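Hi,

Here is the model I promised to pass on. Have a look at it first, and then read on for my notes on what turned up.

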Amino acid sequence: MPTILLIEDEEKLARFIELELQHEGYTVIKEFDGRQGLARAEEGNCDLILLDIMLPSLNGLEVLRRLRKTRETPVIMLTARDAVMDKVTGLDMGADDYMTKPFSIEELLARIRACLRKQSAVKTEETLLSLDDLCMDVKRHLVTRNGQEISLTGREFALLQHLLENQTLVLSREQLLESVWGYDYVGETNIVDVYIRYLRGKMDEGFAHKLLHTVRGVGYTLCRKDGQ
Ligand code: CA
């Protein structure tokens with residue numbers, strides 16, 4: 001059964017929804033806070049997200065905006081009554097549906113089923129990327145090397161995906177930063193190098209030596225080079 005991530009700070013409501021979902025057979029992960037909810041969503045272990053808008057630390061719309069940079073997990077927004085702007089903004093930002101509080105649990109369950117059906121139809125058009133023995137199934141968020149599954153975080157996955165989509169090209173740190181972290185990223189400028197190191201750390205030595213190359217003074221390239 002699918003796993004549903006519920007990001008909702010009203011504990012009573014969250015508990016109620018959790019029990020109903022579990023009763024239907026879903027696995028439920030609960031987060032009460034926007035920032036933690038986003039981190040959990042980026043791990044990519046859930047099939048659908050129920051996302052409240054008014055949340056501590058990071059509001060639901062901001063969670064959605066950031067999440068959509070790396071993930072297409074279906075999102076149903078839980079909005080306050082009459083917050084028309086929130087609904088419009090949420091849908092514009094890539095929410096799949098919304099529920100206005102207070103809602104009936106039957107309607108929520110029906111919308112969840114509809115959303116999951118749509119998602120599984122999309123999943124059949126799988127996106128597969130590969131280089132050498134490295135394979136990525138984008139829709140299923142799966143990376144394998146020589147048939148062995150490699151567990152990556154959302155950001156590591158997005159970085160590797162971008163490298164695979166642009167394999168043989170030399171990508172500068174700035175290009176990678178913009179494509180994977182977004183134009184408005186503020187923080188350490190060496191973050192790209194840090195994540196390249198994470199990727200190399202998670203792969204075998206052949207990956208570091210034969211596939212992912214540092215181009216001094218420029219950036220990185222993913223391509224097959226033997227005998228180096
Ligand atoms: Ca709330």
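**Helix 6 and the sheet it crosses**

Helix 6 (residues 154–165) lies across strand 10, strand 11 and strand 12, and its direction is at about 70° to strand 12. Before I go further, bear in mind that this is a predicted model.

The three strands under discussion make an open sheet in the order 10-12-11, with antiparallel pairing. Strand 10 (170–172) and strand 11 (212–215) are the edge strands, each pairing on one side only. On average, neighbouring strands of this sheet are turned by 30° against each other, if you ignore direction. Strand 11 pairs with strand 12 (residues 219–222) in the antiparallel sense, over 4 bridges. If you want one pair to click on, take Thr 214, whose bridge partner in strand 12 is Tyr 220. As a reminder, strands of a sheet pair through backbone hydrogen bonds, either parallel or antiparallel.

Back to helix 6, which also holds Gln 161. Is Gln 161 buried or exposed? Its relative accessibility is 18%, so Gln 161 counts as buried, the cut-off being under 20%. Leaving aside residues up to four places away in sequence, Gln 161 touches Leu 129, Met 136 and Val 138.

**Two hairpins in a row**

Leu 129 sits in strand 6 (residues 128–131), which pairs with strand 7 (residues 134–137) in the antiparallel sense over 4 bridges. These two strands form a hairpin with 2 residues between them, and Asp 132 in the turn has a positive phi of about 55°. Strand 7 is then joined to strand 8 (residues 142–145) by 4 bridges, again running antiparallel. That second hairpin has 4 residues between the strands, and there His 141 takes a positive phi near 50°.

Leu 134 is a handy residue to follow through both pairings: in strand 7 it is the bridge partner of Leu 131, and its own bridge partner in strand 8 is Arg 145.

**Backbone oddities**

Most residues other than glycine have a negative phi, and most peptide bonds are trans. A few spots here are worth a look with that in mind:

- Asn 146 is not a glycine, yet has a positive phi of about 50°; you will find Asn 146 in the loop between strand 8 and strand 9 (148–149).
- Thr 168 is not a glycine either, and has a positive phi of about 80°. Thr 168 is in the loop between helix 6 and strand 10, and is exposed, with a relative accessible area of 56%.
- Lys 101 and Pro 102 are joined by a cis peptide bond, with omega about -5°. Pro 102 lies in the loop between strand 5 (97–100) and helix 5 (105–123).

**Helix 3**

Which residues of helix 3 are buried? In this helix (residues 60–67) they are Gly 60, Leu 61, Val 63, Leu 64 and Leu 67. Seen down the axis of helix 3, these buried residues fall within an arc of 160°, so they line one face of the helix. The general background is that an α-helix has 3.6 residues a turn, so residues three or four places apart point the same way. The buried residues of helix 3 pack against helix 2 (34–43), strand 3 (48–52), strand 4 (75–79) and helix 4 (84–92). At the start of helix 3, a side-chain oxygen of Asn 59 comes to within 2.8 Å of the backbone nitrogen of Leu 61.

**Cysteines**

How many disulfides does a search of the whole structure find? The count is 0. Take Cys 46: the closest cysteine sulfur to its own is in Cys 115, 12 Å away, which is too far for a bond. Cys 46 counts as buried, at 8% relative accessibility. For Cys 135 the closest cysteine sulfur is in Cys 223, at 17 Å, and that is also too far for a bond. Cys 135 is partly exposed, with a relative accessible area of 34%.

**The whole protein**

To finish with the overall numbers, the protein has 9 helices and 12 strands, and its C-alpha trace spans about 65 × 35 × 25 Å along the principal axes. Of its 228 residues, 45% are buried. Among contacts with a separation of 6 or more, 55% are between residues 24 or more positions apart.

Cheers

Key: Residues are numbered from 1 along each chain as its sequence is written. Side-chain values use heavy atoms; hydrogens and water are left out. Buried means under 20% relative accessible area, exposed over 50%, partly exposed in between (1.4 Å probe, protein chains only). The arc is that of the directions from the helix axis to the C-beta atoms. Contact means heavy atoms within 4.5 Å. A polar contact is a pair of N or O atoms within 3.5 Å; within protein, one must be able to donate a hydrogen and the other to accept it, and residues adjacent in sequence count only if both atoms are side-chain atoms. Two strands pair if DSSP finds at least two bridges between them. Axes are lines fitted to C-alpha atoms, for helices over the stretch in contact, and angles run from 0 to 180 degrees between N-to-C directions. A disulfide is a pair of cysteine sulfur atoms within 2.5 Å.
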